[in-house]
Amino acid sequence: MNTNKNEKFNARTETHDGVCTVYLTGELDLSVAPDFRLVMEPLVDNKEQDLIINMKELKYIDSTGIGILLSVLKARHGMEARFEVQEVPAQIQKLFDMTGIAKFFVTQKNSQ
């Protein structure tokens, strides 16, 4: 599913072998938060699939976007379902570190 309301932000999903990956591009902020929630809602509740968010192409995230990620983390944790973030850009990782939320995310870097 692509979100095209705001050309600066896009969330594209791919599912392979029981793993759903959401690829984020552009800027995730208050103006596109409803679009991001619409993409994430059906994915979060699917306990049978691992859920990964790939942030390689994400340029910016604000507190609203972080709040959505934390909501996803909390829901997946409560269901004992796997959730992780991949390829977090340095500027976003720095924000995660400064706010203290980095320790809650399982992160992994892809070898590409």
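User: Happy to look at this predicted model with you. Which residue in E4 does Ile-53 stand opposite?

Analyst: Good place to begin! E3 and E4 pair in the parallel sense, over four bridges. Across from Ile-53, the residue in E4 is Val-85.

User: Which hand does the β-α-β unit of E3, H2 and E4 have?

Analyst: The two strands here, E3 and E4, are parallel partners. Together with H2 they make a β-α-β unit, and its hand is right-handed.

User: Are the residues on the two faces of E4 buried or exposed?

Analyst: In a regular strand, side chains alternate between the two faces of the sheet. In E4, Phe-83 and Val-85 lie on one side, with Glu-84 and Gln-86 on the other. Both faces are covered, and these four residues are all buried.

User: Which side chain makes a polar contact with the side chain of Asn-54?

Analyst: Asn-54 is found in strand E3. Because its relative accessible area is 3%, under the 20% cut-off, Asn-54 counts as buried. At 3.3 Å, the partner of its side chain is the side chain of Gln-86.

User: Which residues touch the most other members of the largest nonpolar core?

Analyst: Nonpolar side chains tend to be buried together in soluble globular proteins. This core has 31 residues. Strands E1, E2, E3 and E4 and helices H1, H2 and H3 each supply at least two of them, and the largest share, six residues, comes from H1. The members that touch the most others are Ile-53 and Phe-96.

User: What does Phe-96 touch, leaving out residues up to four places away in sequence?

Analyst: Phe-96 is one of the two core members that touch the most others. With those sequence neighbours left out, its contacts are Met-55, Ile-61, Ile-66, Leu-69, Val-88, Ile-101, Ala-102 and Phe-105.

User: Why is Val-106 classed as partly exposed?

Analyst: Val-106 is found in the loop between H3 and strand E5. Not counting residues up to four places away in sequence, Val-106 touches Phe-83, Glu-84 and Val-85, and its C-alpha atom is separated by 8.4 Å from that of Gln-86, 20 residues apart along the chain. Val-106 is called partly exposed because its value falls between the 20% and 50% cut-offs. That relative accessible area is 47%.

User: Where is the pLDDT below 50?

Analyst: The mean pLDDT of the protein chain is 90, and 89% of its residues reach 70 or more. One stretch has 16 contacts in the model beyond near neighbours in sequence, yet its pLDDT is below 50: residues 1–7.

Note on methods
Residues numbered from 1 in each chain as written. Predicted model: local features only at pLDDT ≥ 70, side-chain atom pairs only at ≥ 80, totals over all residues. Heavy atoms only, no water. Core = buried A, V, L, I, M, F, W, Y, C linked by side-chain atoms within 4.5 Å. Buried < 20%, exposed > 50% of the residue type's maximum accessible area, 1.4 Å probe, protein only. Contact = heavy atoms within 4.5 Å. Pairing = 2+ DSSP bridges. Right-handed = clockwise from strand over helix to strand, strands pointing away. Polar contact = N/O pair within 3.5 Å; in protein donor to acceptor, adjacent residues only side chain to side chain. pLDDT = per-residue confidence, 0-100.
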